[in-house]
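Here is a short report on one structure. Keep the sequence and the 3D view at hand while you read.

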Amino acid sequence: MDLTAVQAVRIARSRADLTLGPGERYLAGGTWMFSDDQPGVTGLVDLSGLRWDELDVTTAGDLRIGAMTTIGGLERWATTAPYPAAPLFTQSAESLLASFKVRAAATVGGNIVRSYAASSMVALAATLDATATIWHADGTDSVVPVASLPTGNGTTSLAPTDVLRDVVVPGAALGALTASRRIALAQHGRSGALLTGRRDLEGACTFVITAATLIPTVLRYPSLPEAKRLEADVRGATGYYTDPLGSADWRRQVSAVLLAEVREELAQ
Ligand SMILES: Cc1cc2nc3c(=O)[nH]c(=O)nc-3n(C[C@H](O)[C@H](O)[C@H](O)COP(=O)(O)OP(=O)(O)OC[C@H]3O[C@@H](n4cnc5c(N)ncnc54)[C@H](O)[C@@H]3O)c2cc1C
């Protein structure tokens, strides 16, 4: 879509360039930005000049994903990555209602900051306990769990001037077993529920509900929970919602069924 009110596009090359003027917004892959009306947006600050497409393993063994890494790039990385959790990266990329062409442009940062309930990059990060490094306009930085960023379906705790710099996945989570299930009302529809789980080497388990609840629901257990306990926790979770992609009751029901499957897979 042509954003006819946009008068200028600046390419950011340093932190100083990230100061937003009136009507300016950050531009990453542009797949959402150019897919909808953007009332009041008169300028774009293109983040591509910052070259934030790193996929580095730190000396501590953590994976650092630059915010401008494309989802397609992350998928390619996962095909040869020597980590037990690597399949979750591929499954999460494929959970988007987006063709390979969109995934080649859409960034990990853009998907997280857009923060739809069906954001599979939020699901991936929440399941692996990833943190986000946020650059604030006053020159300070903060590090927060990605799971804590969404405040609703498409809203976040970020200020408009905050920039997501990178996402860090702890090395311990990369060594975990993972599993994922997804369901949509239509065969090629956006996720109505996305259920993910992780079982650490020492046995602790994390189960995450996204797309079905407005913000990520993260359930943690010191060891594999009994099936009944997990089911009760899933059914008791809050935030199931109704929209054209599914009713709250349906979302609750399919979350219980599919997270039980995730548990079964992790139990093996
Ligand atoms: C065909 C199609 C299918 C889609 N399917 C899904 C889906 O299944 N699930 C889902 O959740 N979403 C879906 N989306 C929306 C999706 O969230 C985005 O298109 C994509 O992930 C956004 O990434 P982007 O890099 O293109 O960001 P952009 O479109 O460039 O930006 C998205 C938003 O994030 C901000 N932003 C981007 N990067 C940063 C950063 N580093 N720091 C601060 N702000 C930033 C921008 O200012 C903008 O507000 C779909 C979109 C399309 C076009």
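Start with one pair of residues: I65 has V167 as its bridge partner, and V167 belongs to β10. This is a predicted model.

Now widen the view to the strands. I65 and V167 are bridge partners, and β5 (residues 63-66) is joined to β10 by four bridges. These two strands run antiparallel.

Next comes the whole sheet. Five strands make it up, in the order β4-β5-β10-β6-β7. The sheet is open, and its pairing is antiparallel. Why does one side of β4 and of β7 lack a neighbour in the sheet? β4 (55-57) and β7 (141-145) stand at the edges with a single partner strand each, so one side of each is left without a neighbour. From one strand to the next, the twist averages 25°.

Strand β10 also has a part in the ligand's surroundings: β10 supplies at least two residues of the shell. The table lists the elements that each supply at least two shell residues.

| Element | Residues |
|---|---|
| β2 | 24-27 |
| α3 | 100-105 |
| α4 | 108-114 |
| β10 | 163-169 |

Which element gives the largest share of the shell? That is α4, with five residues.

The ligand has 30 residues around it. A28, G29, T31, G110 and N111 come nearest. By type, the shell divides into 18 nonpolar, nine polar and three charged residues. Two domains contribute: domain 1 (8-50) and domain 2 (55-172) each give at least three residues to the shell.

How values were computed: Residues numbered from 1 in each chain as written. Predicted model: local features only at pLDDT ≥ 70, side-chain atom pairs only at ≥ 80, totals over all residues. Near = placed C-beta within 6 Å. Nonpolar A, V, L, I, M, F, W, Y, C, P; charged D, E, K, R; others polar. Domains from an automatic or database assignment. Pairing = 2+ DSSP bridges. Axes fitted to C-alpha atoms, helices over the stretch in contact; angles between N-to-C directions.
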